[in-house]
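Student: Please walk me through this one, question by question.

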Amino acid sequence: MVPWRRLHSQAWWSLGLICLVSLLAMGHAAFAADAKKSTPEKSTPDLGPTMRFVVVRSSAPGCEPTCPEWISAEGTIEAGTPALFKRTLKALGGRKLPIVVDSPGGNVEAALTLGRLIRKNKLDIAVGKTGFVGCLPDMKNCKENDGKGARYFGNAYANGAICNSACPLMFSGGIRRVVGEWAFLGVHQITTTYIRTKLLYRTTYRMVKGKKKILSTRVVSRKNAGSYKTYEMNKPLERKLAAYLKEMGVGLGVLETMKSTPASGIQQLIPYDMLQMNLVTSLDAVDLLTAPTLCKSDPLPASCREVPAPANIAKPAGQVVASAEPAPLGLETPPAKEVADMRFVLVRGSNPLCNPNCPEWISAEGTITADTAEKLRQLLDSVGDRRLPIVVSSPGGDVLGALAAGRLIRERKLDVAVARTDFIGCEPRQADCTAEDGVYNGLTVDAGGECGSACPIMLAGGVKRLVGPRAQLSVHSMGFEQRVKAYLEDMTVGPGMFSAMQSAQYSRYRHLEPEMMLKVGLTTGPGSADELTGPGICRSEPRPENCREISGAKAQATTPVKS
């Protein structure tokens, strides 16, 4: 210290400097997977590139000119990620697009901020990957998609997608939140890393009447003095996360699972546990938010955008263009695309949660023809007295064929649900595909399921009739009015259904919402195909007739391996 003194107003003043050393321990809360951000250890795993956000338009065949779009969010969550997300939202100008996320995790505070941004903007979210067509997000000067109305095109899928570590906190912000069977959502303990820093301060003071008066204090040097970690969640952080999950309407079971899972591992949450915790809002997958059939709804979802085709682009050979003219009275409007004739196959649920006792059903997909009822009869005769539900997805077809199929369904006292069947491994229409014992493996999915034109007539034959919130059902007048009206009365379907069909005679189709289907008496309840095919139904008492138990070894062999 170098003193300096002078006489002023009969008082002695002195100005001096003093150097102080302080050891500061700073705590950084992060998930174990994010420890690389707060400690210099070289053994920390690299989680890959930081999260990037891009707007993607569906490349599904036949969806143009009106296709769904979504925000693809892939990569590690870092401190600057929320700023990138805000930039993307600003560029969208208020459009509410769903988020398809694939992330190993990252920074906790950033994940909380992202979740609140998602909730504030009322966005839906799904765990999924995006497969790009043409230009990729990291490609420079790509012109392949120029003139097509969007920079990036692709398709969203669940298989192999992850949302781990801090990602579920971001995920919790969604209004609708879906993961699906083939995506992976996992949690584990939070790691708090304390970094010791040696600080050297310089303090300037003045002596006034024998006492020190501090004028300024500043840090002149910093040195790393080591670090240590703790996996025990401190109370302030626990309260903070609990308050956030409560704010998002998510159960505290998520937090308890985080606390009980070692930081060195990941605890995958299974779909039904996530549903009980309210972490997911349904058991659907990413298709719920990105399927091209969404854009056939009326009104259009906010994620659908029309891109008119340039006038100078010729129609591809063989493409069928739907006429804007109304269908003539009494005639069925043909589907706008070629769909194979309806086929019926036996399917066993491939969800590993149900083995060895899984539900089975009859998948009915394709156009209804005059011989549809006979094909169904042959299959029903092959299963004997077993009453299996029918899961149907059809654009419609022959009215008389639908009447005959519906009467056969009621005669056999079968339930019917509208949904599509996703086949695992072997698909019925594959030439080289042979199902073991005549039974295929699959899952039912509401999104993408359709029942149009004559299909609701077939559906009306069911004892229990279900159409999920994401399946599409539409009606219009098809002729044979007296036969159709008498049939609906025989099926104890209310007169509102026939009125709804007749009201659409001057338009192509009339789309019915779930509430309307209940009101007109077409559906018997608000449920979906899960009530007939979900993996949990075989654990109920009494056990449904469509549940069948197979040996453990065989059940394990038929269960697909999740990558």
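Tutor: Let's fix some words: helices (H or I, at least four residues) and strands (E, at least two) are DSSP runs, numbered from the N terminus. What you see is a predicted model, where local features need pLDDT of at least 70 and side-chain atom pairs count only at pLDDT 80 or more, while totals for chains, interfaces and linings use all residues. Residues are numbered from 1 along each chain as its sequence is written, and side-chain values use heavy atoms, with hydrogens and water left out.

Student: Okay, where is S453 found, and is it buried or exposed?

Tutor: S453 is in the loop between β22 (450-451) and α10 (455-459). Its phi is near 55 degrees, a positive value in a residue other than glycine. Buried means under 20% relative accessible area, exposed over 50%, and partly exposed in between (1.4 Å probe, protein chains only). S453 has a relative accessible area of 2%, so S453 is buried.

Student: And K122, is that one buried or exposed?

Tutor: K122 has a positive phi too, about 55 degrees, although K122 is not a glycine. You'll find K122 in the loop between α2 and β6 (125-127). The relative accessibility of K122 is 57%, so K122 counts as exposed.

Student: Which peptide bond is cis with omega near -5 degrees?

Tutor: Most residues other than glycine have a negative phi, and most peptide bonds are trans. One cis bond joins E64 and P65, with omega about 10 degrees, and P65 lies in the loop between β3 (52-58) and β4 (66-74). Another leads to P542, in the loop between α14 (530-533) and β26 (547-549). With omega near -5 degrees, that is the bond from E541 to P542.

Student: On to helices: are α1 and α2 roughly parallel or antiparallel?

Tutor: Two packed helices are described by the angle between their axes and the distance between the axes. The axes (lines fitted to C-alpha atoms, for helices over the stretch in contact, with angles from 0 to 180 degrees between N-to-C directions) of α1 (residues 81-92) and α2 (residues 108-120) come within 9 Å and cross at roughly 20 degrees. Angles under 35 degrees count as roughly parallel, over 145 as roughly antiparallel, 65 to 115 as roughly perpendicular and the rest as oblique. So α1 and α2 are roughly parallel.

Student: Which residues of α2 does α1 meet?

Tutor: Contact means heavy atoms within 4.5 Å. From α1, the residues taking part are T81, P82, F85 and K86. Their partners in α2 are A110, T113, L114, L117 and I118.

Student: Is the crossing of α2 and α4 left-handed or right-handed?

Tutor: α2 and α4 (residues 235-247) pack at about 20 degrees, with axes 11 Å apart. A crossing is left-handed if the near helix is turned anticlockwise from the far one by less than a right angle, and right-handed if clockwise. α1 passes α2 in a right-handed crossing. The crossing of α2 and α4, though, is left-handed.

Student: Which strands stand at the edges of the sheet with β9, β11 and β14?

Tutor: That sheet is open, with the order β9-β11-β14 and mixed pairing. Two strands pair if DSSP finds at least two bridges between them; β11 (residues 184-187) and β14 pair in the antiparallel sense over two bridges. The edge strands each have a single partner, so one side of each is left without a neighbour in the sheet: β9 (162-164) and β14 (267-268).

Student: F184 lies in β11, but is F184 buried, partly exposed or exposed?

Tutor: Leaving aside neighbours within four places in sequence, F184 contacts seven residues by name: V127, A161, I162, C163, N164, I266 and Q268. F184 and N159 are 25 residues apart in sequence and 8.6 Å apart in space, C-alpha to C-alpha. With 23% relative accessibility, F184 counts as partly exposed.

Student: Last one: in β21, what is the bridge partner of R348?

Tutor: R348 belongs to β16 (residues 343-349), where seven of seven residues are buried. β16 runs antiparallel to β17 (residues 357-365), joined by six bridges. With β21 (residues 439-445), β16 pairs in the parallel sense over four bridges. There, the bridge partner of R348 is N441.
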